[in-house]
Amino acid sequence: MFPLERAMLPGEELPLRIFEPRYSALVSDCLAMDDPAFGVVLIEAGREVGGGDARSDVGTLAHIAEVADFGDGRYRLNCVMAERIRVVEWQPDHPYPRAAIELWPDEPGEPVGADAIRDIEDKMVALFERIAGARGAEINARDIVAGADAVPDAAMWLYALTTRLPMGQADRYAVLSAPTVAARLAALSEAVETVSALVEFQLSGE
């Protein structure tokens with residue numbers, strides 16, 4: 001397991017520079033696998049380096065797509081985030097964080113149609129245009145969300161849109177940990193409203 005101060009979402013890429021001995025051992029063990037991968041979870045409190053952190057129980061599998069081995073335990077990785085996971089039990093760090101996990105696909109729920117997701121896209125575009133207008137910048141805000149729908153299903157579409165919205169880690173984690181696609185839609189919609197309210201508050205003080 002690799003705790004980070006960021007909630008990583010399926011479909012994202014994760015570049016890493018590895019030099020700390022315990023994570024060098026993690027990479028070495030992973031590279032011995034047929035499909036080298038490790039779990040990534042959000043640090044909810046504490047620090048990433050040196051342990052003593054509080055870790056979330058929902059995360060994502062990071063598949064190592066590219067690796068450069070510089071020797072002396074130093075690596076440069078490019079990972080692709082894929083399956084969502086849930087921690088069943090945290091185990092003692094030996095030498096790196098370990099846990100028993102299970103894959104956690106979306107649970108059955110209310111269907112989510114394209115129109116509902118397009119509505120969130122429209123709200124995001126309006127938000128980006130508001131920010132650009134306040135800064136006197138000219139952008140095509142629709143370009144920011146373009147391509148998010150080039151994915152196989154609604155769940156991944158929502159994840160892709162989430163990566164385009166500047167939000168706090170708690171909101172990102174809420175999107176990741178939503179049990180159903182419908183709950184993920186609601187979490188992203190709430191995040192858009194939160195960011196919009198924050199932007200309006202900041203602009204009102206200028």
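This is a short tutorial dialogue on reading nonpolar cores and cysteines in a predicted model.

User: What should I keep in mind about the model and its numbering?

Analyst: Local features in this predicted model need pLDDT of at least 70 and side-chain atom pairs count only at pLDDT 80 or more, whereas totals for chains, interfaces and linings use all residues. Residues are numbered from 1 along each chain as its sequence is written, and side-chain values use heavy atoms, with hydrogens and water left out.

User: Which residues touch the most other members of the largest nonpolar core?

Analyst: In soluble globular proteins, nonpolar side chains tend to be buried together. A nonpolar core is a set of buried Ala, Val, Leu, Ile, Met, Phe, Trp, Tyr and Cys residues joined through side-chain atoms within 4.5 Å, where buried means under 20% relative accessible area (1.4 Å probe, protein chains only). Here the largest such core has 35 residues, of which Ile117, Met124, Leu161, Leu165 and Leu188 touch the most other members. Helix 6, a DSSP run of H or I with at least four residues, gives the most to this core, with 9 residues. A second, separate core of 19 residues includes Leu14, Val27, Val40 and Cys79.

User: How many disulfides does the structure hold, and why is cysteine 79 not bonded to cysteine 30?

Analyst: A disulfide is a pair of cysteine sulfur atoms within 2.5 Å, and a search of the whole structure finds 0 of them. The closest cysteine sulfur to that of cysteine 79 belongs to cysteine 30 and lies 8.7 Å away, so the separation is too far for a bond. Cysteine 30 is buried at 4% relative accessibility, and cysteine 79 is buried with a relative accessible area of 0%.

Conventions: Buried < 20%, exposed > 50% of the residue type's maximum accessible area, 1.4 Å probe, protein only. Helix = DSSP H or I, 4+ residues; strand = E, 2+ residues; numbered from the N terminus.
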